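Here's a quick briefing to keep beside the model while you look around. Have the sequence and the 3D view open together.

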Amino acid sequence: MKLVIIDYGAGNTQSVKFAFQRLGVNPVLSSNEEDILSADKVIFPGVGHAKAAMDVLKEKQLDRLIPQLKQPVLGICLGMQLMCKFSEEGKTPCLGIFDETVKLFEPKAKVPHMGWQQTTDSQQQTTGFYYFVHSYYVPVNNYTTLTCQYITDFSAAVQKDNFYGVQFHPEKSGEAGEQLLQKFLEAR
Amino acid sequence: MLAKRIIPCLDIKDGRTVKGVNFENLRDAGDAVELARRYADEGADELVFLDITATHEKRKTLATLVERIAQHINIPFTVGGGIGTVEDVNVLLQSGADKVSLNSAAVKHPALIADIADKFGSQCLVLAIDAKETATGWKVYLNGGRLATELDLFAWAQQSEQLGAGEILFTSMNHDGTKNGFANVALRQLSSVVNIPVIASGGAGSMQHFVETFTEGHADAALAASIFHFQEISIRELKHFLQQHQIPVRL
């Protein structure tokens, strides 16, 4: 399987690569259009600032490429947020795959939302614990597949066609995270 | 509900873990990666690695160790010790660290906090504060507790939050190594003056001490070293104990 991690300077690229290596897959890091188009699966990682990240994506012309991908794409943390229409972080338009605005948590509890929390799936079942670190969130919407509650209900995971997104860090979420990455590898 | 985090701390010297009592008398406690893996398997929520011999020449050794840790560990980890520049941070994050902790260098150059937060985000910046309760209040100490300053713990924590720190790791020098419990009064005050997570450190001696630092100290996470290294408390048992005491934990 050819797994490509989109390389655009995101902070967690190395950790994501190691996580897949632990699962026996050796991902390719690339920002090259041909590489990405020829991948069986694509990982869109992300740690950092939305506006700064969008600037890099535009410079590398990845802002046009990513929404056109047909193979399964997994956006992680900021990667998931960038797949939305707009982010309050730096007030930047994003990729628009999900018609949502990424919002800043109101400081009714400590921000960032940092640490381990369970989520709820569409059948109201509680999942394992995942590791979150974020100050902005994607509101619950029609494409929400996992919901988490901190200050407000927000999307812990979303899916629309071949685009998957997780707000938490599966690469840092112990066994529960590894199972999720394994499921993505098996997704068709 | 967000789980309270249990964080074993590994003091690193030449790639091996050591633990000092009151910052002195180091004892060898094993290979860093091996120990880290054991902790992760036992249910640790995060790990902190403090390089206590961090000198310029040792930087490369540390980066290599960080990369090995990142390859083998599937939970978040922080690296600290001797970090003084944005480039130091860049090397550690590139090697696979999730967060870095800053201590003395941040006091000497507070702008470093903002520089790091702007470049890499607040989520990767843990501000470590060593402080001691004196006749005139809680004062910040530098250089591994050897150098006193006039800086107030709470004022410094607030200032660092404004500059962009993502978490505060507060070690009470009065409690560290005593095994008599965490500095819960100070921790509670600290947690009320900042709106970022506070990690309690120094004084863990029993499982009850962890319950108290979460209930009385309002800590978001608790860090300890020797009691885990020498297997006086197992992390798994500790987390079951916390759950029995209605503390939300990841099990």
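What follows is a short tour of the two chains, then some local spots to look at.

This is a predicted model, so to speak of local features a pLDDT of at least 70 is needed, side-chain atom pairs count only at pLDDT 80 or more, and totals for chains, interfaces and linings use all residues. Residues are numbered from 1 along each chain as its sequence is written, chains are lettered from A and ligands numbered from 1 in the order in which they are written, and side-chain values use heavy atoms, with hydrogens and water left out.

**Chain A**

- Chain A has six helices and 13 strands (DSSP runs numbered from the N terminus: helices are H or I with at least four residues, strands are E with at least two).
- Its radius of gyration is 15 Å, which agrees with the value near 16 Å for a compact globule of 188 residues (taken over C-alpha atoms; the globule rule is 2.2 Å times the number of residues to the power 0.38).
- The C-alpha atoms of chain A fit a box of roughly 45 × 35 × 25 Å along the principal axes.
- Buried residues come to 57% of the 188 in chain A (buried is under 20% relative accessible area, exposed is over 50%, partly exposed is in between, with a 1.4 Å probe and protein chains only).
- Of the contacts in chain A between residues at least 6 apart in sequence, 65% link residues at least 24 apart (a contact means heavy atoms within 4.5 Å).
- Chain A carries 18 positive and 20 negative side chains, with the centres of the two sets 2 Å apart (Lys and Arg are positive, Asp and Glu negative, His and the chain ends not counted; the charge is placed at NZ of Lys, CZ of Arg, CG of Asp or CD of Glu).

**Chain B**

- Chain B has ten helices and twelve strands.
- For 251 residues a compact globule would have a radius of gyration near 18 Å, and chain B agrees at 17 Å.
- The C-alpha box of chain B is roughly 45 × 45 × 40 Å along the principal axes, and 60% of its 251 residues are buried.
- On the charge side, chain B has 23 positive and 30 negative side chains, and the two centres lie 3 Å apart.

**Helix 5 of chain B**

- Helix 5 (residues 111-120) buries Leu112(B), Ile113(B), Ala114(B), Ile116(B), Ala117(B) and Phe120(B).
- Among the elements covering those buried residues are helix 3 (86-95), strand 7 (125-134) and helix 6 (153-163) of chain B.
- Right after helix 5 comes Gly121(B), with a positive phi near 95°.

**Backbone oddities**

- Most residues other than glycine have a negative phi, and most peptide bonds are trans.
- Val111(A) and Pro112(A) are joined by a cis peptide bond, omega about 10°; Pro112(A) sits in the loop between strand 7 (98-104) and strand 8 (113-121) of chain A.
- Asn143(B) has a positive phi near 55°, lies in the loop between strand 8 (137-142) and strand 9 (147-152) of chain B, and counts as partly exposed because its relative accessibility is 31%.
- Gln246(B) has a positive phi of about 60°, falls in the segment after helix 10 (235-244) of chain B, and is exposed at 68% relative accessible area.

**Confidence**

- Chain B averages a pLDDT of 90, and 93% of the residues score at least 70 (pLDDT is the predictor's confidence in each residue, from 0 to 100).
- In residues 20-26 of chain B, pLDDT stays under 50.
- Where pLDDT is low, the predicted coordinates should not be read in detail.
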